[in-house]
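Student: I have a new structure to study. Can we go through it step by step?

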Amino acid sequence: MRIHHIALYAKDLERLRGFYETYFGAVSGAQYHNPRTGLTTYFLSFADGAKLELMHRPDVSAAVEGLRYGFIHIALSVGDAAAVDALTERLRTDGYTISSNPRTTGDGYYESCVLDPEGNQIEITI
């Protein structure tokens, strides 16, 4: 068994799509739009086969900000420690919030954390 994809609702679908394409090499599929519900989606594919579905509906709004139960972050592997450091600095230079600088965690992962344009936590790991 494997996870086929992870999905999240976006406030600004195009901005979020651009973020994952620009910084993580995602390739976007064609836009899907359901005129009945207003749902618009993109499936983003990563080099290893992982997929992220970005979705937008005009009737969805954020109910809770910050810590919450449920999924809290996604981790994206960039290959090695030097790539973690370089991407973290690129994101910082481009004005994104780095919520955790590169470090080795207590459970042995080398990672940093960045917030995407809508505040979703992304772990950048080796």
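Tutor: E14 is a good place to begin, and the model is a predicted one, where local features need pLDDT of at least 70, side-chain atom pairs count only at pLDDT 80 or more, and totals for chains, interfaces and linings use all residues. Residues are numbered from 1 along each chain as its sequence is written, and side-chain values use heavy atoms, with hydrogens and water left out.

Student: Is E14 buried, partly exposed or exposed, and why?

Tutor: Buried means under 20% relative accessible area, exposed means over 50%, and partly exposed is in between (1.4 Å probe, protein chains only). E14 has a relative accessible area of 37%, so E14 is partly exposed.

Student: Which side chain does E14 meet in a salt bridge?

Tutor: A salt bridge needs a side-chain nitrogen of Lys or Arg within 4 Å of a carboxyl oxygen of Asp or Glu. The N to O distance here is 2.8 Å. The partner of E14 is R17.

Student: Where do R17 and E14 lie, and how many residues apart are they?

Tutor: Helices (H or I, at least four residues) and strands (E, at least two) are DSSP runs, numbered from the N terminus. Both residues, R17 and E14, lie in helix 1, residues 13–24. About one turn of the helix lies between them, a spacing of 3 residues.

Student: Which other residue forms a salt bridge with R17, with N and O atoms 3.8 Å apart?

Tutor: Look in helix 1, 4 residues from R17, which means about one helical turn. That residue is partly exposed, because its relative accessibility is 29%. The residue is E21.

Student: Which residues are joined into one network?

Tutor: First, a separate pair: R103 and E111 form a salt bridge at 3.2 Å between the closest N and O atoms. The network arises where salt bridges share partners. Its members are E14, R17 and E21.

Student: Is E111 buried or exposed, and why?

Tutor: Its partner R103 has 31% relative accessibility, so R103 counts as partly exposed. E111 has a relative accessible area of 6% and is therefore buried.

Student: How many salt bridges does the whole structure have?

Tutor: We have looked at some of them, including R17 with E14 and R103 with E111. A search of the whole structure gives a total of 5.

Student: How many helices and strands are in the protein chain?

Tutor: Read along the sequence, the pattern is β-α-β-β-β-β-β-α-β-β-β. Count each α as a helix and each β as a strand. The chain has 2 helices and 9 strands.

Student: What is the radius of gyration of the protein chain, and why does it agree with a compact globule?

Tutor: The radius is taken over C-alpha atoms, and the globule rule is 2.2 Å times the number of residues to the power 0.38. For 126 residues, a compact globule would have a value near 14 Å, so the chain agrees with its 15 Å.

Student: What share of the residues of the protein chain count as buried?

Tutor: The C-alpha atoms fill a box of roughly 45 × 35 × 30 Å, taken along the principal axes. The chain has 126 residues, and the buried share is 34%.
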